[in-house]
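Here are my notes from a first pass through this model, jotted down point by point. Have the viewer open while you read.

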Amino acid sequence: MALLDKDGVRLTVDDTVATVTLTNPAKRNAQSPALWRALAEAGRSLPGTVRVVVLRGEGKSFSAGLDRQAFTPEGFEGEPSFLDLARGSEELLDSTIAEYQEAFTWWRRNDIVSVAAVQGHAIGAGFQLALACDLRVVADDVQFAMRETGLGLVPDLGGTQPLTSLVGYARALEICATGRFVHAEEAERAGLANLVVPAGELDAAVQDLTTALLAAPRDAVIETKALLQGAGARTYEAQRAAERAAQGRRLRDLAGLSD
């Protein structure tokens, strides 16, 4: 069932699994503010039954990044151009970028596990969208690249934190500053990809992973995800305390003693 289909984004739901598809393969799923708003709306539209969200792109490329039309004086029809935004107040610029970021922030909610199925190019905003997800299954033709710095910009769609967390500061800096391609073998070795498969097997591999993710009880997965997400900001002792609290909740629930 399709709950949303507009501006290059389609959301379908099948019971516990939602699929968000980028639907403009003719432009290699290039991104725009309208697409970002549709992605944010997809996150708000998820039914409570959904446990796994799969993100994919139609065609040969996952997403080639920001549509370069954004940098033209006319920009996108009905949208302020990036040049107009640059001439505006700092407050307006900050709030506008924050709105764009909403398309990239909901994928790591504790109540879902998000899986990006990535083939071909995932460049700039496309790379950051893949990084927004919890897990990444990639085809062996994948080409990740962070090209913003080469354009005189910075990655500003939430990608710098997960990239650094996955590959470390030095590798993240080198990837961003050079804008070079990261191919499948390196992506798997560096931790950007959970799994690399031949392009023709991408959908099947994502389906297998989705099935495995759904096998455990939902509340246990939610608690575990919250523990892991917060681990980096806690001391060892604080993490142990968080584990005890979470396990206490799970045991009380299993024993039928929860409120």
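The points below start with the overall fold, then go through helix packing, and end with some single residues.

1. **Overall picture.** Keep in mind that this is a predicted model. The secondary structure adds up to 10 helices and 10 strands. Along the principal axes, the C-alpha atoms fill a box of roughly 65 × 40 × 35 Å. The radius of gyration is 19 Å, and a compact globule with 259 residues would come out near 18 Å, so the two agree.

2. **Burial and contact range.** Of the 259 residues, 45% are buried. Take the contacts between residues at least 6 apart in sequence: 68% of them join residues at least 24 apart.

3. **α1 against α3.** Helix α1 covers residues 33-44 and helix α3 covers residues 90-105; their axes come within 8 Å and cross at roughly 50 degrees. That angle is why the pair counts as oblique. The crossing of α1 past α3 is left-handed. On the α1 side, the contact uses P33, W36, R37, L39, A40 and R44, and these meet E99, Y100, E102, A103 and F104 of α3. Sorted by class, that contact holds seven nonpolar and four charged residues, with no polar ones.

4. **A38, also in α1.** Staying with this helix, A38 sits in α1 too. Is A38 buried or exposed? Its relative accessibility is 1%, so A38 counts as buried. Beyond its neighbours within four places in sequence, A38 is in contact with L4, K6, D7 and V9. For V9, the C-alpha separation from A38 is 6.3 Å, with the two positions 29 residues apart along the chain.

5. **α5 against α6.** The second helix pair is α5 (residues 160-167) with α6, whose axes come within 7 Å and cross at roughly 130 degrees. These helices are therefore oblique to each other as well. Here α5 passes α6 in a right-handed crossing. The contact involves L163, T164 and V167 from α5, and Y169, R171, A172 and C176 from α6. By class, the residues are five nonpolar, one polar and one charged.

6. **F181, in the loop after α6.** Moving along the chain, F181 lies in the loop between α6 (169-178) and β9 (182-183). Its relative accessible area is 28%, which means F181 is partly exposed. Setting aside residues up to four places away in sequence, F181 touches H121, I123, Q143, F144, A145 and R147. The C-alpha atoms of F181 and V142 are separated by 9.2 Å, and the two residues are 39 apart along the chain.

7. **α4.** How many of the eight residues of helix α4 are buried? Eight of the eight in this helix (residues 125-132) are, so α4 is largely enclosed by the rest of the structure. The buried residues are A125, G126, F127, Q128, L129, A130, L131 and A132.

8. **R250 in α10.** R250 lies in helix α10, which spans residues 236-254. With 13% relative accessibility, R250 counts as buried, because the cut-off is under 20%. If you leave out residues up to four places away in sequence, R250 touches D219, A220 and E223. Have a look at this arginine in the viewer, with D219 and E223 among the residues it touches.

9. **Positive phi at D15.** D15 is not a glycine, yet its phi is positive, at about 60 degrees. The residue sits in the loop between β2 (9-14) and β3 (17-22). Its relative accessible area is 53%, which means D15 is exposed.

10. **Positive phi at N29.** N29 is another non-glycine with a positive phi, in this case about 55 degrees. You will find N29 in the loop between β3 and α1. Is N29 buried or exposed? At 1% relative accessibility, N29 counts as buried, whereas D15 is exposed. If you check backbone angles, these are two to pull up: D15 at about 60 degrees and N29 at about 55 degrees.

Definitions and conventions: Residues numbered from 1 in each chain as written. Predicted model: local features only at pLDDT ≥ 70, side-chain atom pairs only at ≥ 80, totals over all residues. Heavy atoms only, no water. Axes fitted to C-alpha atoms, helices over the stretch in contact; angles between N-to-C directions. Helix = DSSP H or I, 4+ residues; strand = E, 2+ residues; numbered from the N terminus. Parallel < 35°, antiparallel > 145°, perpendicular 65-115°, else oblique. Left-handed = near helix turned anticlockwise from the far one by under 90°. Contact = heavy atoms within 4.5 Å. Nonpolar A, V, L, I, M, F, W, Y, C, P; charged D, E, K, R; others polar. Rg over C-alpha atoms; globule rule 2.2 N^0.38 Å. Buried < 20%, exposed > 50% of the residue type's maximum accessible area, 1.4 Å probe, protein only.
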